[in-house]
Amino acid sequence: MKVIVMVLMASFLGIGVPKHYVSTTNISVGDTFTYTIEMPSDIVASIEPSFNGLEIIESTIDRRPTATAHQFKVQVFSVESLMIPTVSLTEMNGLAPMDLDPIFFNLVSVLSATANELNDISPVFNIWHVNWVLLTIALTVIVIGIMAVMAWKKKQAIRLAISDEIKEPPMSIALKNIQSLKRQLSNDPMVIKKSYFQLTEIFCTYISDRTSINVLDATTVEMSRLLNKSKRLPSEVTEMILAISKRMDHYKFSQNPELNMPNIDNTINQVIEVIKKVDQ
């Protein structure tokens with residue numbers, strides 16, 4: 001690096017020759033050291049050195065009896081090109097041009113004495129590493145879990161199937177409820193009228209369970225439309241269902257129905273006959 005020397009004033013030739021040196025050659029990144037260029041005392045010059053990897057943070061001039069020392073406080077901020085390059089001095093006040101040899105530095109490691117090499121940081125975990133033991137355990141747990149779920153589902157399906165098998169048939173439930181209704185009958189017209197409503201509910205519940213058609217909440221007209229549309233029962237059976245439903249409507253809603261035991265016994269027998277006919 002060429003040092004630009006500007007001669008500000010010339011005087012008589014002094015004693016000594018230019019030289020340069022540093023306070024230390026062993027440095028680390030971030031360290032500071034002093035770089036000095038000594039000129040003969042009779043030469044006054046402005047010296048502004050510059051070099052890569054080093055930064056001048058302060059400069060002073062120390063005037064001594066035998067020399068003028070240009071001192072620079074320098075900080076290291078790079079690990080590349082750690083050197084003071086050749087300094088070329090031009091002719092000054094009769095002093096012949098000359099080159100000052102480069103100064104080389106020794107980079108001191110910031111590691112401990114037992115670790116004197118700069119190495120990459122080892123990865124915390126090798127992403128390509130496969131722990132076959134853990135993988136085998138995980139797969140085993142997953143397989144056991146899947147088998148357990150499948151076994152549980154199969155057990156539930158069997159339980160539901162058994163439950164469906166042991167569930168009492170709709171006809172059996174309907175006949176049992178009719179027998180319970182008959183035990184509650186009396187000659188009281190109000191009891192008989194109420195029994196027609198109960199008999200209708202038993203009958204419509206049976207038809208709904210047997211055909212999967214909800215006629216429990218339907219009127220007789222709606223029941224006719226639903227049963228004829230579905231065609232799940234023979235037409236003659238459908239006609240019997242509608243006939244007995246109309247008969248019960250008569251006793252439930254007409255002005256002066258004959259609410260006596262013979263009539264309701266006859267109606268009950270007809271309902272039982274229709275239920276058995278549907279279940280054939």
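This note goes through a predicted model, moving from the whole chain to two of its leucines.

1. The chain as a whole. The chain has 280 residues, of which 29% are buried, and its secondary structure consists of six helices and 12 strands. When contacts between residues at least 6 apart in sequence are considered, 59% of them join residues that are at least 24 apart.

2. The surface. About 18,700 Å² of the chain is exposed, and carbon and sulfur atoms supply 58% of that area. One nonpolar patch on this surface, covering about 720 Å², is made by V130, W132, L135, L139, I142, I146 and M150.

3. A leucine in the patch. L139, which is one of the residues making the nonpolar patch, is placed in helix α1, a helix that runs over residues 132-166. Its relative accessibility is 48%, and because partly exposed residues lie between the cut-offs of 20% and 50%, L139 counts as partly exposed.

4. A leucine under cover. L82 belongs to the loop between strands β7 (67-76) and β8 (83-84). Is L82 buried or exposed? With a relative accessibility of 12%, L82 counts as buried, because the cut-off for buried is under 20%.

5. The surroundings of L82. Leaving aside residues up to four places away in sequence, L82 touches I27, L54, V76, F104, F105 and L107. For one of these partners, F104, the C-alpha atom is separated from that of L82 by 6.5 Å, although the two residues are 22 residues apart along the chain.

Note on methods. Residues numbered from 1 in each chain as written. Predicted model: local features only at pLDDT ≥ 70, side-chain atom pairs only at ≥ 80, totals over all residues. Heavy atoms only, no water. Patch = residues over 30% accessible without salt bridge, like charges linked within 9 Å, V, L, I, M, F, W, Y side chains within 5 Å. Areas by Shrake-Rupley, 256 points an atom, 1.4 Å probe, with all protein chains shown as cover. Salt bridge = Lys/Arg side-chain N within 4 Å of Asp/Glu carboxyl O. Helix = DSSP H or I, 4+ residues; strand = E, 2+ residues; numbered from the N terminus. Buried < 20%, exposed > 50% of the residue type's maximum accessible area, 1.4 Å probe, protein only. Contact = heavy atoms within 4.5 Å.
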